[in-house]
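Grab a pencil and work through these exercises one at a time. Try each task yourself before you read its solution.

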Amino acid sequence: MGTIHAKTSRPYDIVIGQGILGQCGDAVKELFPEGQTVIVTDDNVEPLYLETLKRSFQRCEIECVAFIIPNGEESKSTDIYTELLEFLAKRNMTKSDFITALGGGVVGDLAGFAAASYLRGIPYIQIPTTLLAAVDSSIGGKTAINLSGGKNLVGAFHQPSLVWCDYTTHETMDPLRYADGIAEIVKYAVLKGGDLFTLLEKENLYKHVEEIIEECVRLKLSIVSEDEFDTGKRQFLNLGHTLGHAIEARSRFDISHGHAVACGMTAMADVAALNGLADYDCSDRIGKVLKRYGLPTKMPYDYRELIPYIKNDKKRRGNKIKLIIPENIGRCRMISLPVKDLDSFFRT
Ligand SMILES: NC(=O)c1ccc[n+]([C@@H]2O[C@H](COP(=O)([O-])OP(=O)(O)OC[C@H]3O[C@@H](n4cnc5c(N)ncnc54)[C@H](O)[C@@H]3O)[C@@H](O)[C@H]2O)c1
């Protein structure tokens, strides 16, 4: 078991280990000696892990009750968000109480946004049960829900008080959903380069899971602690995400986040090479690694179909949109492209 300390505006610990879910009650009780909690989870995770968590909380005399949402991206909706807020109010939750997000990125983003906005902010903790949530969404305090116009269009920055990651919970995941997490790991490896990318290219990722989760968490934290509110360096974490979010929204969320990011990352590398901004070798290596883990690399839609969604992206500022270009493994660049040039940029 290892602990990493996040030095953000609200500092917190990220505890990563094997089989540690049932031990989190003690750490939580120390943080919230008087607090009750609402555990937000989904209907896949509930039968697998809710009981273990509840027993750990009850043993430490933490009063808890569950709010269970349907699994899937559709649950990051204004309707479910409102239901959750009403539930918190009925439980008379106060600022000394906290929300517990037990699940993947969907649960974490929704529960985090409810925590950010209910009573203008109450604490929450993250217990990521997917690989993607462990390496990415549970860290860094971005919370959001979707609107019909696009992904994550309403949200807030709100750091958790604790992230408790028991990666043995990932063993029950559907392999396709597990691969979603690998797509985010490939993103970190493209940003960082060096040993992490080589490990993904040559070794068996499954034998190095704890080390990889820790490395991704450290990398994300090093970026987030420099730019918590996403005005500069943090935007590099959006590599593959501008196209990825557009693909997800265009597919009406039939294509999952990680799979869409995989397509988005390869497409950006290809388009960048075609525009003379990157080496062809880079898109080749990214594509090979993604394929190695069963991830898609082909664009499922014509770029023209995605442009309306790209224009709605929250990274747009006025008439410009920021794009992260992988120039080579370990070397990415941010460009600001006029929205009017999107069509020609992508159809080079
Ligand atoms: N806030 C951020 O910084 C950030 C970063 C990246 C992604 N995200 C968001 O995260 C979401 C994707 O997260 P995700 O891939 O974890 O999706 P998810 O939460 O939908 O989980 C994927 C599926 O796995 C199931 N599941 C979860 N844990 C399981 C387990 N241990 N065993 C079996 N099944 C399990 C879920 O029920 C779901 O069906 C997207 O909404 C994306 O926008 C947020």
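Helices (H or I, at least four residues) and strands (E, at least two) are DSSP runs, numbered from the N terminus. Residue numbers start from 1 along each chain as its sequence is written. The model is predicted, so local features need pLDDT of at least 70 and side-chain atom pairs count only at pLDDT 80 or more, while totals for chains, interfaces and linings use all residues.

**Exercise 1. Place Val15 and describe its surroundings.**

Step 1: find the element. Val15 sits in strand E2.

Step 2: decide on burial. A residue is buried if 20 or more other C-beta atoms lie within 10 Å of its own, exposed if 12 or fewer, and partly exposed in between, with C-beta atoms placed from the backbone. Val15 has 17 other C-beta atoms within 10 Å, so it is partly exposed.

Step 3: list the contacts. Two residues are in contact if their C-beta atoms, placed from the backbone, lie within 7 Å. Leave aside the neighbours within four places in sequence, and Val15 is in contact with Met1, Thr3, Ile20, Ala27, Trp164 and Cys165.

Step 4: check one distance. From C-alpha to C-alpha, Val15 and Ala27 are 9.9 Å apart in space, and they are twelve residues apart in sequence.

**Exercise 2. Work out how strand E1 and strand E2 go together.**

Step 1: recall the rule. Two strands pair if DSSP finds at least two bridges between them.

Step 2: apply it. E1 (residues 2–6) and E2 (residues 12–17) pair in the antiparallel sense over five bridges.

Step 3: look at the link and one partner. Five residues form the hairpin that joins E1 to E2, and His5 stands opposite Asp13 in E2.

**Exercise 3. Which strands stand at the edges of the sheet E10-E11-E12?**

Step 1: get the order. This is an open sheet of three strands, ordered E10-E11-E12, with antiparallel pairing.

Step 2: look at the ends. Strand E10 (316–317) and strand E12 (331–338) are at the edges, each with a single partner strand, so one side of each is left without a neighbour in the sheet.

Step 3: zoom in on one pair. E10 and strand E11 (residues 320–328) share two bridges in the antiparallel sense, and Lys320 in E11 is the bridge partner of Arg317.

**Exercise 4. Describe how the two domains touch.**

Step 1: get the bounds, which come from an automatic or database domain assignment. That assignment gives domain 1 (2–172) and domain 2 (195–346).

Step 2: look at the contact. The C-alpha centres of domain 1 and domain 2 lie 26 Å apart, and 25 residues of domain 1 are in contact with 23 residues of domain 2.

Step 3: see who supplies the domain 1 side. E1, E2, H5 and E8 each supply at least two residues of it, and E8 gives the most, with five residues.

Step 4: sort by class. Ala, Val, Leu, Ile, Met, Phe, Trp, Tyr, Cys and Pro count as nonpolar, Asp, Glu, Lys and Arg as charged, and the others, Gly among them, as polar. The side of domain 1 that touches domain 2 has twelve nonpolar, eight polar and five charged residues.

**Exercise 5. Where does the largest nonpolar core lie?**

Step 1: define it. A nonpolar core is a set of buried Ala, Val, Leu, Ile, Met, Phe, Trp, Tyr and Cys residues joined through C-beta atoms within 7 Å.

Step 2: take stock. The largest one has 103 residues, and among those with the most contacts inside it are Val40, Ile99 and Ala114. H10 gives the largest share, eleven residues.

Step 3: locate it. Domain 1 and domain 2 both give residues to this core, so it lies between them.

**Exercise 6. Describe the shell around the ligand, then inspect Asn44.**

Step 1: count. A residue is near a molecule if its C-beta atom, placed from the backbone, lies within 6 Å of it. There are 32 residues around the ligand, and the closest are Asn44, Asn71, Gly104, Gly105 and Ser137.

Step 2: sort. The shell splits into seven nonpolar, 16 polar and nine charged residues.

Step 3: inspect. Asn44 is in the loop between strand E3 (37–42) and helix H2 (46–59). Asn44 has 20 C-beta neighbours inside 10 Å, so it counts as buried.
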